[in-house]
Amino acid sequence: MTSDALLPRLAATRARYEGRAAQREHVHATVERRGVLHTDTPHRVTRRLNRLGVDWQLAAAVESGASAVRSGRRELALERLIGRNTVVDTGFLDCGLAAARAVGRVDVAGRSATGVLISPVLLLTTNTALPSVTDASRAAVEFDSVTTGLSPERFFVTDLVLDFTVVAVREGALPPHLHLVEHEGKAILGERLTSVRVPEGGPKLFGLREHVMVDVLDDFVHYEPGLDGSGGPIFNDQWEVVALHHSGVAEGSAWRAGEGVRISRVLRALRERPLSGEAAHLRAQVFDTAPAVHEADSELRGALVNLDIGRSRVYYDPSADRAARDRYYEGIHPTRSNLHDLLARTHVRCPAYRPCRMLYPWVDLHPDLKLRSLHSGAAVDPADVIRADVEAEAARARRFRDLAAAGLPDPGTLLAEFEVLEETHPFNCEHAVPPALFDRREPMRGDLHHQFTREVGDPPPATLWDGSDPRDRSGVGNPSGPWDRSGPWDRSGPLARATLYFLVRYPGVVDDDLVPDLIMWHERDPVTDHELHRNAAIAEIQGNRNPFIDHPGWALDI
């Protein structure tokens, strides 16, 4: 389907595609060697996992071969994403059929293209198909059982550069529309995509997981193979529109690659277009959000799935971890500067602070698969801690809404209220380095290497800092200070090694004058299987390791 308008599009697409051969080769090689989760940038992959409702702990576990007992749609979606499974549930097909009902054939002046309903009355197609109000006024759109005209006098926005047109459809018995998502993170490099199109003179067709996304540009995405026609939506496995197909790269009689306009760019351009009156009202309907999932229920279920997977895994594999450790430090001379560079460079994934998902289900489990308070050694079922944590977060959210309705207090009062709520639960998360020292900023707050489970109400020798102000270091070096634990449960070593890690990873937060005491506690309380497990589990999630667990003797070299 070529025309005078389409030929320049094809030439521009070919130029973009051929100019990025090296990037595509890297994508293909990385997918083959390491998998989809390592092909795109960590930031984009994290966004994709967040949209799936899963996290790096679950992703890393599934990638390594673990399976969840309570597998649901999200777990199946994750397995499909990384290529572990190609099975789809019946709901996947039902959602696909529902999404396809919003796709129709646009006919104008003897030519046809594909379009998709993106609001109760607005249709999205390409500028190539409908470049002007005149063309739109002569066009018709045919859905499965409905054919109707267009109403460009009510709404018509087109963009020559991004090659899209949004136009009003005459109201009637139209199918349900698609909810478009403006946020990025709907697909990553190496992911399989689905096309829905209505070719000229033919029936509506699915390219079911037929295409692989091989490149992301500022405004476009490329996928292989391509497809004929233009104007059709490109979906991810959750039937979210990733792109509007508009062009491709031909190779003989086949389409070697396809190019789609990123839907986030279409929506941004649409949002920024100056409109008023009815047109502005109709545009607003595009940005209405879909019904929200109950966040607490979703968070609890995700955390319990992570716990199930953890219980099915080998707790600690010494030979595998030894090999991973040797690869990690290969060629490294253990100076503080070298170790800082290594820890920062390999900290490729920075999950936000979410202990119910990232700490309790796997990272901080002891060999008996229980959580234990860092200070007292009291054991607790991780499921109970997870439920309490989710409940505390929901309580904080409710309290925040109440305070917002009454007029928010100052940040200090708000933080104090939340800390009181957290202290009402028997167990919670504690940082080896107090969050106040780094203003609770990420990635420090979410860095798993210095997070531990603690029992609320236990005497808290969890930090080096005495006094009510965590910046007060007056207790450091005092033999009766907070870390001087002389009992059957002496856990000063893990805290010392976590703080040494923090000191090297984040220079300037922890004072060097603490190092002699840290080394004393480090040497007094040797590395345990629990720490070895933690280190391996965190490396799997974040990418970096704690060198003072892997090589205890290096503590003297910093």
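In the predicted model, Leu-93, Leu-97, Phe-206 and Leu-208 form a nonpolar surface patch of about 350 Å². Two elements, helix H6 (90–100) and strand E9 (205–216), each contribute at least two residues to this nonpolar patch. Within the patch, Leu-93 lies in helix H6. The relative accessibility of Leu-93 is 40%, so this residue is classed as partly exposed, the class between the limits of 20% and 50%.

His-347 occupies the loop that runs between helix H12 (336–346) and helix H13 (355–358). Its relative accessibility is 6%, and His-347 is therefore counted as buried, the cut-off being under 20%. The side chain of His-347 makes a polar contact of 3.2 Å with the side chain of Arg-505. When neighbours within four places in sequence are left aside, Arg-505 is also listed among the contacts of His-347, together with Pro-443, Asp-447, Tyr-501, Tyr-506, Gln-542 and Asn-544.

A second buried position is Ala-61, located in helix H4 (residues 56–63). Ala-61 has a relative accessible area of 3% and is buried because this value falls under 20%. Outside its neighbours within four places in sequence, Ala-61 contacts Ala-66, Ile-309, Arg-313 and Glu-540. Ala-61 and Ile-541 are separated by 480 residues in sequence, while their C-alpha atoms lie 8.8 Å apart in space.

Notes: Residues are numbered from 1 along each chain as its sequence is written. This is a predicted model: local features need pLDDT of at least 70, side-chain atom pairs count only at pLDDT 80 or more; totals for chains, interfaces and linings use all residues. Side-chain values use heavy atoms; hydrogens and water are left out. Helices (H or I, at least four residues) and strands (E, at least two) are DSSP runs, numbered from the N terminus. Buried means under 20% relative accessible area, exposed over 50%, partly exposed in between (1.4 Å probe, protein chains only). A polar contact is a pair of N or O atoms within 3.5 Å; within protein, one must be able to donate a hydrogen and the other to accept it, and residues adjacent in sequence count only if both atoms are side-chain atoms. Contact means heavy atoms within 4.5 Å. Patches are made of residues with over 30% relative accessible area and no salt bridge: like charges are joined within 9 Å, nonpolar side chains (Val, Leu, Ile, Met, Phe, Trp, Tyr) within 5 Å. Accessible areas come from the Shrake-Rupley method with a 1.4 Å probe; for residues, only the protein chains shown count as cover. A salt bridge is a side-chain nitrogen of Lys or Arg within 4 Å of a carboxyl oxygen of Asp or Glu.
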